[in-house]
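Student: I'd like a close look at one part of this model, with the cut-offs spelled out as you go. Could you walk me through it?

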Amino acid sequence: MSEMDESVIAYKFLQNFILSEPLYKTVEFDAKWYSSFAGFSRMIDHDFCDYCSENSVFEWNCDPYIHDTLCKLAEYSKDSQNPIFRSITEPYRNQPFFIDYLFFCTGCKRIHYYTLMFKGNTVTKIGQYPSLASKEELEIQKYKSLKVIKKYYIELVRSINAYSQHMGIASFVYLRRIYEHMVEKEYAKLPDTIKKSNASFDEKMKAVDNKMHIIPPELDSQKSKIYSVLSKGIHEYEEDECYDLYPAMRTIIILMLENYLSDKESKQQLKEIEKTLKSK
Ligand SMILES: [Zn+2]
């Protein structure tokens, strides 16, 4: 791999880690990347700015302190056979170093703040403002009024909060409850001729899906897996396994809600059109 390619990979890794990973998750990387990290001068993020009340461009610019710290880390992480060099770098080898990455909103200069702890070949995010959870809460607010989630909206918020605090199993439990509720609610609406008194959850989900395609069609072949994975999160999976699977499971729930939302919006639009046509 060329140095250029390596640097692009390192850049994407660092940017994704800063902006998308939750707190207290420790990730390993190639310690060679410290010199690439030191060379980055600018990063851009597209994010919601609660002061501008809209999506905005946030910009980070490297400063001499960050550059120097990362250069030092690059030196400390090198394996050297030179005893003098080793005696200098050895005491720092696995020491934690803390770096604040400040992204400014280009519209209003408000700051989004991230603190990373670098230690050897690992990095952990130990601080973030605004929190990942509060940003995601803003994104899911549009689903709050949907009838299918209304009662369980607060659990979706709790699930996101649990994940942002690195609580994998807890975040899974909430998702399973939401998924169960959505399917049960739709199943209750089906005509009695279709319903069975002793139907399993899988049968209920399939009956609902046949009627209204509650699951995204691309996941058609995997639809029984959704509930079994969510259930294993409670009885079988370890904390970290739930944690790694969580983003995919949450996306399924969000896509289901997105479906309801677009349905609701097009019904509203059609109502308006009907009103306009009637008045002519
Ligand atoms: Zn702003």
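Which residue does Asp 220 form a salt bridge with, and how far apart are the closest N and O atoms?

Tutor: The partner is Lys 223, and the closest N and O atoms of the pair are 3.2 Å apart. A salt bridge here is a side-chain nitrogen of Lys or Arg within 4 Å of a carboxyl oxygen of Asp or Glu. Before going on, some ground rules: this is a predicted model, where local features need pLDDT of at least 70 and side-chain atom pairs count only at pLDDT 80 or more, while totals for chains, interfaces and linings use all residues. Residues are numbered from 1 along each chain as its sequence is written, and side-chain values use heavy atoms, with hydrogens and water left out.

Back to your pair. Asp 220 is partly exposed at 41% relative accessibility, whereas Lys 223 is buried at 12% (buried is under 20% relative accessible area, exposed is over 50%, partly exposed is in between, with a 1.4 Å probe and protein chains only). Asp 209 joins in too: Asp 209, Asp 220 and Lys 223 are linked in a network of salt bridges. Over the whole structure, a search turns up 18 salt bridges.

Lys 223 also leads us to a helix pair, since Lys 223 is among the residues of α9 that meet α7. Helices are DSSP runs of H or I with at least four residues, numbered from the N terminus. Helix α7 covers residues 168-189 and α9 covers 223-235; the two pack at about 140 degrees with axes 8 Å apart. Axes are lines fitted to C-alpha atoms over the stretch in contact, and angles run from 0 to 180 degrees between N-to-C directions. That makes α7 and α9 oblique to each other; under 35 degrees would be roughly parallel, over 145 roughly antiparallel, 65 to 115 roughly perpendicular, and the rest is oblique. On the α7 side, the residues in contact (heavy atoms within 4.5 Å) include Arg 176, Tyr 179 and Glu 180, and on the α9 side they include Ile 226, Tyr 227 and Leu 230. By class, this contact has 10 nonpolar, 3 polar and 3 charged residues. Ala, Val, Leu, Ile, Met, Phe, Trp, Tyr, Cys and Pro count as nonpolar, Asp, Glu, Lys and Arg as charged, and the others, Gly among them, as polar.

Two of those α7 residues pair up: the side chains of Arg 176 and Glu 180 meet in a salt bridge at 3.5 Å, N to O. They sit 4 residues apart in α7, so about one helical turn separates them. Arg 176 is buried, with a relative accessible area of 19%, and Glu 180 is partly exposed at 22%.

Further along α7 there's Glu 186, which is buried at 7% relative accessibility. Leaving out residues up to four places away in sequence, Glu 186 touches Val 148, Val 208, Met 212, Ile 214 and Tyr 260.

Val 208 and Met 212 take us to α8, residues 201-212. There Asp 202 and Lys 206 form a salt bridge at 3.1 Å, N to O; being 4 residues apart in α8, they're separated by about one helical turn. Asp 202 is partly exposed at 28%, and so is Lys 206 at 33%.
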